[in-house]
Every structure is written in structure tokens, then in C-alpha cells.
Amino acid sequence: MSERKVLTKYYPPEFDPSKIARTPKHLRPTGPKTIPVRLMAPFSMKCTSCGEYIYKGRKFNARKETTDEKYLAITIYRFYIRCTRCSSEITFKTDPKNMDYTCERGAKRNFESWRNPESEELKETDEQRLDRLEREEMDEAENAERNAMEELEEKMEESKREMQVADALDEIMQRNARIERGEKGGKEDQALVQVRDLAREQREAEERADAEAARRAFDAANVERARLEEQAKLQAQPVESAKESPPAPSFERMRKPKKSLVPGLVRKVEPAPISQPVVPPKPAGLDLGDYGSDDD
Ligand SMILES: [Zn+2]
């Protein structure tokens, strides 16, 4: 391998460099350089050779070329694309002045209504544009100022009105309270007097009625009692003899006969004393002895 490399560097004796037509790269003349780029059509256009419409945003493999033209030290580039139908070359350039592109060859840019050349905005010069912008800015500032002033005035007016309303309301409320107090006092007294009169009258009437009723009742009761006594006197002797006055209730404890726990089952035991059978008390000393003793 290494030998071959050496062999390729062999120049025969009859080698004449001047006979070589090809010039080295650094000696070749530099023309307009083009770089292949991928781009989208920046505007919609119509091919002039076949009438094909190329819409804005269509993608192309294009060649980008740097031109010698400049706008305020901004380089202007030229792009080469090919028509999608007839493959004829279309070129367009950047337009830094209008922040746009200009169609150069092979196609015609479609009409865009918002770029109407008749419109004043496109026709106006830089001076005019500056003037216009300045004027607009001034107007805006003035408007803002005026708006602020108007707002402030409105606020003041509003607060003034609110205070007035509050004052009026306060006054009305005070007056109402005063009126109510005065009227209520008179009315209450009147009503109280009326009610008292009414109550007294009613009480008197009731008392009268009661007295009447009582008198009548007493009369009636007297008559009735007399009649009853009469009757009682007539019937008293035989009835009272036959009747025996019930024995005076004694408050001694009565022993109820014990009920059998189970009906039909009766204990054969004699009627034992109801009192609990007395358990003979154990000798107190035996308790512990019982527990501990082992003499059984
Ligand atoms: Zn075409």
C-alpha cells in the first residue's frame, strides 16, 4: 500500500505542468456563488411560460445567490427555483426596503389587494410616514391624558353624588325616626287607655255575672240540700242499720300468699317461716383456719 502511494507521486521526466488546462481552485476566478437552499415561495405567483400557479408556502430546492446590490448596507439575495410543471427557471430577490420579495423573471406575482399601489400608505414618502407616526403618537398620548382626566372628573362627580345621597338618606331616616317616635307614643297611650277601659269593663261585667251566678247557685243548692236531707231522714234508719261500715284501713303489712314458681308444682314443705333461715354464725376465728387447715 505504502508503495503505491509513493508510486503515484512519481512524475515522469517528460511531465510538463503547463500542458494541464485545469487551474487550481485558489487561482480560479470567483463568480457569483450559489448555495443550494430549501425554501418556501414567499408569495403566490403564476409561471409566465405555462401559466401554472405557484402558491405561497410551496417548498422548493432553490439556489441562493448573493448579488452585488445593496440597500443601506443590507445585502440583497437572489433565489432560483423551477416551475413545478414546466421546469422553467423563476427568480426572485429580497426587498429589504419594503421587507418583502420582488419577482424578477419567469413568473408574475399575483395581485394582492392589501398591496394596492394606489393606496396612500404605499405612496407616502419616509418624511410623510414619520410625520404620520408622530401625529398618531401625539394623538394617542393626548387621548390617554384626556381619558385619565375624564375618569378623574367622573370619579369626583360620583363621590360627590354619593355623599349627597348619603346625606339625604340620613336626614330622611332621622325625620322618619322622629315622626315614628312621636306618633307611636300618642298611639300607644291611647291604645293602652282603651285596653285598660275595656279590660276594666269586662272584669266588672264578669264579676257581676259571677255574683249573680253564685247567688242563684246558692239558692238552688239550699233547696236541693233541704230536699236531700228530707229524703235522707226518711230513709236513713233502715239503710244505716243494714250497712256496716267498712273496717278502718290498717296500715299493717299484709302477707301475700306466696305464689308457686311453677304452676302445678308445689313445695311439700310446711309453711316455713317467711323470714330467712338464720345461718348459724361461724366462729370468726375459723375462717382463716378453715382455709389454711389440712386436718380433713
Ligand atoms: Zn411553468
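The following dialogue shows how several features of this predicted model may be read.

Visitor: What is the strand order in the sheet of three strands, and in which sense do the strands pair?

Guide: The order is E3-E2-E8, the sheet is open, and the pairing is antiparallel. Its edge strands are E3, residues 53-54, and E8, residues 107-109, each of which pairs on one side only.

Visitor: How many bridges link E2 and E3?

Guide: Strand E2, residues 45-47, is joined to E3 by two bridges in the antiparallel sense. To place this pairing on the structure, one may start from Met45, which stands opposite Ile54 in E3.

Visitor: Which strands form the open sheet of five?

Guide: That sheet has the order E1-E4-E5-E6-E7, with antiparallel pairing. Strand E1 (34-40) and strand E7 (100-105) are the edge strands, and each pairs on one side only. On average, neighbouring strands of this sheet are turned by 35° against each other, direction ignored.

Visitor: What general idea helps in reading the side chains of a strand?

Guide: In a regular strand, side chains alternate between the two faces of the sheet.

Visitor: Which pairings in the sheet of five strands can be followed residue by residue?

Guide: Two may be taken in turn. E1 pairs with strand E4, residues 59-71, over seven antiparallel bridges, and Leu39 stands opposite Phe60 in E4. Strand E5, residues 74-82, runs antiparallel to strand E6, residues 89-95, and five bridges join them. Here Ile81 has Ile90 in E6 as its bridge partner.

Visitor: How many residues of E1 are buried?

Guide: The count is zero among its seven residues, and E1 is hardly covered.

Visitor: Which residues does the UniProt annotation "binding site" cover?

Guide: The record, an unreviewed entry, gives Cys47, Cys50, Cys83 and Cys86 under that annotation. These residues are spread over 40 residues of sequence, yet they cluster in space, with a largest C-alpha distance of 8.7 Å.

Visitor: Where is Cys83 found, and is it buried or exposed?

Guide: Cys83 belongs to the loop between E5 and E6. Burial is judged by counting other C-beta atoms within 10 Å, with 20 or more required. Cys83 counts as buried because it has 20 C-beta neighbours inside 10 Å. Setting aside residues up to four places away in sequence, Cys83 touches Cys47, Ser49, Cys50, Glu52, Ser88, Ile90 and Gly106.

Visitor: How does the reading go for Cys86, and which residues are in contact with it?

Guide: Cys86 also lies in the loop between E5 and E6. Cys86 has 13 other C-beta atoms within 10 Å and is therefore partly exposed. Apart from neighbours within four places in sequence, its contacts are Cys47, Ser49, Cys50 and Glu52. Among these contacts are Cys47 and Cys50, which the annotation also covers.

Visitor: Which residue in the loop between E4 and E5 deserves a look at its backbone?

Guide: Ala73 lies in that loop. The phi of Ala73 is near 70°, a positive value in a residue other than glycine. Ala73 has 6 C-beta neighbours inside 10 Å, so it counts as exposed.

Visitor: What is the phi of Met99, and where is this residue found?

Guide: Met99, which is not a glycine, has a positive phi of about 55°. The residue is found in the loop between E6 and E7. Met99 is exposed because it has 7 other C-beta atoms within 10 Å.

Note on methods:
Residues are numbered from 1 along each chain as its sequence is written. This is a predicted model: local features need pLDDT of at least 70, side-chain atom pairs count only at pLDDT 80 or more; totals for chains, interfaces and linings use all residues. Two strands pair if DSSP finds at least two bridges between them. Helices (H or I, at least four residues) and strands (E, at least two) are DSSP runs, numbered from the N terminus. Axes are lines fitted to C-alpha atoms, for helices over the stretch in contact, and angles run from 0 to 180 degrees between N-to-C directions. UniProt positions are given in the numbering used here, feature names are shortened, and annotations may be inferred rather than shown by experiment. A residue is buried if 20 or more other C-beta atoms lie within 10 Å of its own, exposed if 12 or fewer, and partly exposed in between; C-beta atoms are placed from the backbone. Two residues are in contact if their C-beta atoms, placed from the backbone, lie within 7 Å.
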